Each structure stands twice: as structure tokens, then as C-alpha cells.
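User: Could you take a close look at one part of this model for me, the place where helices from the two chains pack together? I'd like to know which residues meet there and what spaces lie around them.

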Amino acid sequence: MLVSHPPQLAMMRIIARILQAIIAIGCVALIGLRLYDWFWDLPTGTLFWDVPGVVIDPSWFTIKVRLIGLVLDSLSDAISIYGLMRIFLYFQSSITGALFSLKAIQAFRAFAMCILISAILAPFTRAAVIVWMSVNAPEAEGVMSLMFGSNTLWEVFVAGVFFLITHMLVRAQKAQEEVESFL
Amino acid sequence: MKWIARVLKVSSLIWILILVASHLAGFVYTQTFLEVAFDYPQLSQTVGQMGLAARVGLAVIMCVACVPALVGLWYVRKFFQAVIDGDPFTITAIRSFRIFALGVLISALLEPIQGSLVMAYITSFSPIADTVWMVDPSLRLLWQAGVGLMFIWFSYALEISKVHQDEVDSFL
């Protein structure tokens, strides 16, 4: 059992609940946004700012084109959502159970890995979507566009911080075990 | 673990330089730099006609959300250094990580306010448009705020770890 630290633990539980709400809202909104982009708002969606010529005439957007586009576009999001689900479940268990458990370390490690993979994958999935749409568009030639922005760099940085957090949790778990063994 | 901390310490400095450089570039090339110009091309002309004082004002407004992030990135380097030194459970390290966490969170919360201020500021100079107040929250801001909160959560975990570490040291 964790040694009692009421002020910090109480605050951590409040933050964990807020984070759970943010994760739930974020995941649902992300899925909804992707579906909206591909099935309702494709011609003017934010996805095609880079290659507006591809979507001049939306009449050729068949269900097949939209579905494959959606799958390609959602690959990095799906990885992020998996990582968020892992951390969501950990926060759920941390509210009632131990903070520095093996489950916490595994959840944070999986989350960090998901952020990293998602950040690196995102420019490539976007490029794949642009290639897919431009190849299928009747009025456009094949277009290839690969972009790495500051968002990608920031996500990689954040993933690195979470990897560091994972290592710190390992140390924290050891310290906790030592305290418990002394007690 | 130490090599990650070293990489992150260098990265945080690079991030500070990127943020400062991009805002300076934003000041010099405001007309094309502004994201608002993509949404409202007619406003880029307004920005182009602004005088020096007006541009300085715009540059200041554009720093609103950036400053907390900059302060956080500056302080988190102390935390990374503490990890490199092998003693991350110190009051200084924990405090510096919490400042970083708060910086990320406040920056995320200020982002839509900054966008609104920029929009209102530019449109107030426009001869063709009335002053527009527009708040544009996005999923990315939710993500940033979530990351900031997770970092704050972790700073409390660090505090508890410090207590454990102190107890272990007292036993030894």
C-alpha cells in the first residue's frame, strides 16, 4: 500500500478525473471530426488546404475513395487514441489504487511510444492521403507533399518527456518498495 | 535515462530559439506569417499597411501565449540537469518541472484568446471590416491542455517520490 500523502494524492485524483474527461471528449471529438471531414465536409475540409486543386469537383468522391482516405488519414490518430486509452485506464485505476505500480509504468511507456510513433507517422499518412486523392482525382495529376512542421517536433519533444516520466516512475516505484520493506 | 535528459535539455534550448526566431520572423514578415492571412486574405493587406508602432503592438499580442511556454522551457532545463546529475527528487527540480507544466497549460489556454486578440487588433485597423472578436478553440488546444495537466499530475507524483526518497534516506 502507498504511504499516505493526502494533499498531493487528493490533488492528483482531481487532476486524473479532469484528464479522463479531457481524454474522453478528445477521442470522441477526434473520431467525429474525421468522419465529418471525410463524409460531409470533404471539399472544404482543412485536410486539403495544401492541395486545393485536388478537390475542385467533389462529384468523384465515391464511398471507396472516402473510406480508404479516411483509413489512411486516421492511422496516426488511431495510434494516439490507443495510447490515450491506455493512460485513461491507468488514471481510472490510480484514483482508487496504487500510483507507482507496474501498470502505471507500462501505461506511461505505451503512451509515450504511441505519441512518438503517431508524431513521426503523421506527415507520412498525410502524404499518403494526398497521393491517394490526387491519383484518384480526375482533374489532377499525382501530387506528393511531405511536410514536417513545428507540431511534429513538439510532439517528439513531448514523447521524450513522457519517456523520462516513465523512468522516473520506475525510480519512484523502487523508492516506495524500499519504504514499505522498511516499514 | 540520462541520455534522454541530455537530449531533452538541448531540445528545450533549441525550442526556445525556435520560438524567439519565429516570433521575430513573424514581426518582420507579419503579412505572410499570420495564419489569419490564410483564412482572411483581405486582412493580410491591412497588416501590410500597418505602421511600425502598430506592428510592434501586433508582435506583442502574438507573444501572449508564447511567453508562458518560453518561461516553462527555460525552467525545465533545471529539471533535466537534475536528472543528469542523478538527483531529480529535489525541491528545485520539482519546482522547475511544475513551472514547465504550468507554462504548457497556460500557453494552451491563452492560445485561443491570443487568436481572438490578434483578429480584433487587425480588424480594428481595417478600413473594409468592422472589429471582429472570434474565439477559435481546436482539438489541438485540448491536447496541449491535457499534456500540461499530465505534467502537473507528474509534478505531484515527483513530490510524493521525494517524500519516499527522504524516508528511505532517513532509514539508511
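Analyst: Happy to. Let's begin with a contact between the chains: in α4(A), the residues Trp154(A), Phe157(A), Val161(A), Leu164(A) and Met168(A) meet Leu73(B), Phe79(B), Phe80(B) and Val83(B) of α6(B). Sorted by class, the residues of this contact are nine nonpolar, with no polar and no charged ones. Please keep in mind that this is a predicted model.

How do the two helices lie against each other? The axes of α4(A) and α6(B) are 13 Å apart, and the packing angle is about 40°. Because of that angle, α4(A) counts as oblique to α6(B). Their crossing is left-handed.

From here we can follow each helix to its other partners, starting with α6(B). This helix covers residues 66-84 of chain B, and its axis comes within 7 Å of the axis of α7(B), residues 91-125, with a crossing of roughly 160°. The two are therefore roughly antiparallel. The crossing of α6(B) past α7(B) is left-handed. On the α6(B) side, the residues in this contact are Cys66(B), Pro68(B), Ala69(B), Val71(B), Gly72(B), Leu73(B), Tyr75(B), Val76(B), Lys78(B), Phe79(B) and Ala82(B). On the α7(B) side they include Phe97(B), Ile99(B), Phe100(B), Ile106(B) and Leu110(B), along with Ser96(B), Gly103(B) and Gln114(B). By class, this contact has 15 nonpolar, six polar and one charged residues. Two names come back here: Leu73(B) and Phe79(B) meet α4(A), and both also take part in the contact with α7(B).

Now back to α4(A), and to a space beside it. Helix α4(A) runs over 150-182, and together with α1(B), 2-28, it is an element that supplies at least two residues to the lining of the second largest pocket. That pocket has a volume of about 240 Å³. Its lining is made of 15 residues, and those nearest the centre are Val156(A), Phe157(A), Val7(B), Leu8(B) and Ser11(B). Phe157(A) thus links two parts of the picture: besides its place in this lining, it is one of the residues of α4(A) that meet α6(B). The largest contribution comes from α1(B), with eight residues. By class, 13 of the lining residues are nonpolar, two are polar and none is charged.

There is another meeting of the chains worth your time. Helix α2(A), residues 63-96, packs with α8(B), residues 139-171, at an angle of about 40° and with the axes 14 Å apart. That angle makes α2(A) oblique to α8(B), and the crossing is left-handed. Here Leu84(A), Ile87(A), Tyr90(A) and Phe91(A) meet Trp143(B), Met150(B) and Trp153(B). The class count for this contact is seven nonpolar, no polar and no charged residues.

Trp153(B) leads us to one last space. The structure holds one cavity of 30 Å³ or more, and the space in it is about 30 Å³. Its lining brings together Trp153(B) with Leu9(A), Met12(A), Arg13(A), Ala16(A), Ser94(A) and Leu99(A). The largest share, four residues, is given by α1(A), residues 6-39. By class, the cavity lining has five nonpolar, one polar and one charged residues.

How values were computed
Residues are numbered from 1 along each chain as its sequence is written. Chains are lettered from A and ligands numbered from 1 in the order in which they are written. This is a predicted model: local features need pLDDT of at least 70, side-chain atom pairs count only at pLDDT 80 or more; totals for chains, interfaces and linings use all residues. Side-chain values use heavy atoms; hydrogens and water are left out. On a 1 Å grid over the protein atoms alone, a cavity is a set of points where a 1.4 Å probe fits but cannot get out, and a pocket is an open set with protein on both sides within 12 Å along at least five of seven lines; lining residues have an atom within 4 Å of a point. Grid points are joined across faces, edges and corners, and a volume is the space filled by probe spheres set on the points. Ala, Val, Leu, Ile, Met, Phe, Trp, Tyr, Cys and Pro count as nonpolar, Asp, Glu, Lys and Arg as charged, and the others, Gly among them, as polar. Axes are lines fitted to C-alpha atoms, for helices over the stretch in contact, and angles run from 0 to 180 degrees between N-to-C directions. Angles under 35 degrees count as roughly parallel, over 145 as roughly antiparallel, 65 to 115 as roughly perpendicular and the rest as oblique. A crossing is left-handed if the near helix is turned anticlockwise from the far one by less than a right angle, and right-handed if clockwise. Contact means heavy atoms within 4.5 Å.
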